[in-house]
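Here's a quick briefing to read with the model open beside you. Take a look at the fold before going through the notes.

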Amino acid sequence: MRSVFAGSVALLALSASALSVHAAPSATLQKWRDGGTVVVGVRESASPMVYTLDANETFTGYHLELCQKVIHAIAPKARLKYMVLTAQNTMPLIDNGTADFNCASMTNTLRRQEQVAFGLTTYVSEVRMAVPAHSPITSFQQLNGKKVVATTGTTAMQILRKYADAHGIQFDTRMGKDHFESMLQLEAGRVDAFVLDDNLLAGVIAQSKNPQGWKIVGEVIGAEPIAIQFTRRDPEVKKAVDAALRQMMKNGEIHQLYAKWFTQPIPPKNVNLNLPMGETLKRMLAQPDDTPLEQLQLPLAH
């Protein structure tokens with residue numbers, strides 16, 4: 001009886017010790033919680049996800065504000081320092097520790113997971129189209145015989161052609177060298193629709209001469225999960241980030257942030273992007289996960 005009791009006490013002590021070790025923060029988390037600097041990666045012109053408002057580099061945007069809330073939740077005393085990243089240098093700088101987080105818009109893919117870690121999905125970029133506000137076009141199936149523009153280097157046109165082949169649709173393809181040139185073709189009436197990720201379309205429309213003159217329509221024919229990135233070398237950071245995000249999803253804070261940036265007027269022109277939350281993102285906020293692009297299941301396009 002005595003040996004059994006002694007063994008039980010030893011087991012309890014071991015369990016308590018294991019819990020204590022598990023609860024201890026990593027060196028990185030402890031440094032931030034002690035008031036250390038967190039280097040936050042941003043972009044200058046990725047509205048409405050993250051962008052600068054002025055020459056003094058005042059950064060703002062949906063994904064940046066979300067990222068700031070996450071960092072403050074896991075390390076309230078941390079000091080934030082901002083670093084402008086590019087698509088080319090983001091992952092190397094996160095991987096080598098030059099930047100701690102990338103709060104801009106980047107797709108979670110299996111290949112990128114080999115170099116950086118991703119938090120739970122916090123935005124889903126959906127391929128749709130912009131048309132004039134008075135246009136009767138509401139579905140991609142109505143593009144048969146129409147003129148369509150997409151931006152060179154994007155996957156939007158590849159996705160559209162795949163959809164067109166599957167549905168027997170034919171259209172005249174035009175290409176713009178960048179999003180603004182593609183939008184100019186739509187504004188000039190040279191095309192009937194501009195196909196691109198919905199958040200990018202919304203940003204381009206917001207900066208156009210007549211933001212009220214355009215609408216985003218069409219079923220979702222492609223989507224990419226967007227998430228915060230950080231080092232994959234410290235699993236405790238991911239646990240902390242995901243826990244903070246789960247809490248924001250549970251209490252509705254992310255939904256409030258989304259409404260603020262996508263369905264209400266935003267700076268600098270106080271334009272409303274009028275982009276209600278898509279069904280894929282609604283599902284992923286209700287059942288949080290970090291599914292990469294290759295495994296993402298989309299609502300069926302009809």
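What follows is a short tour, from the overall picture down to a disulfide and a leucine.

This is a predicted model, so local features need pLDDT of at least 70, side-chain atom pairs count only at pLDDT 80 or more, and totals for chains, interfaces and linings use all residues. Residues are numbered from 1 along each chain as its sequence is written, and side-chain values use heavy atoms, with hydrogens and water left out.

**Confidence**
- Average pLDDT (the predictor's confidence in each residue, from 0 to 100) comes out at 88 for the protein, with 91% of the residues scoring at least 70.
- Residues 1–22 are where to be wary: pLDDT stays under 50 there.
- For that stretch the model has 2 contacts (heavy atoms within 4.5 Å) beyond four places in sequence.

**Overall build**
- The protein has 10 helices and 16 strands, which are DSSP runs numbered from the N terminus (helices are H or I, at least four residues; strands are E, at least two).
- Along the principal axes, the C-alpha atoms fill a box of roughly 85 × 45 × 35 Å.
- Of the contacts in the protein with a separation of 6 or more, 73% link residues 24 or more positions apart.

**Burial and surface**
- Of the 302 residues, 48% are buried, meaning under 20% relative accessible area (exposed is over 50%, partly exposed in between; 1.4 Å probe, protein chains only).
- About 15000 Å² is exposed, and carbon and sulfur atoms supply 53% of that; areas come from the Shrake-Rupley method with a 1.4 Å probe.

**The disulfide**
- The structure holds 1 disulfide, defined as a pair of cysteine sulfur atoms within 2.5 Å.
- Cys 67 and Cys 103 form that bond, with their sulfur atoms 1.9 Å apart.
- Cys 67 sits in helix H3 (residues 62–74) and Cys 103 in the loop between strand E6 (101–102) and strand E7 (117–118), so the pair ties together parts that are 36 residues apart in sequence.
- The S-S torsion of Cys 67 and Cys 103 is about -50 degrees, so the disulfide is left-handed.
- Both Cys 67 and Cys 103 are buried.

**Around Leu 93**
- Leu 93 belongs to helix H4 (residues 90–95).
- Leaving out residues up to four places away in sequence, Leu 93 touches Met 83, Leu 85, Thr 98 and Ala 99.
- Leu 93 and Gly 41 are 52 residues apart in sequence, yet 9.2 Å apart in space, C-alpha to C-alpha.
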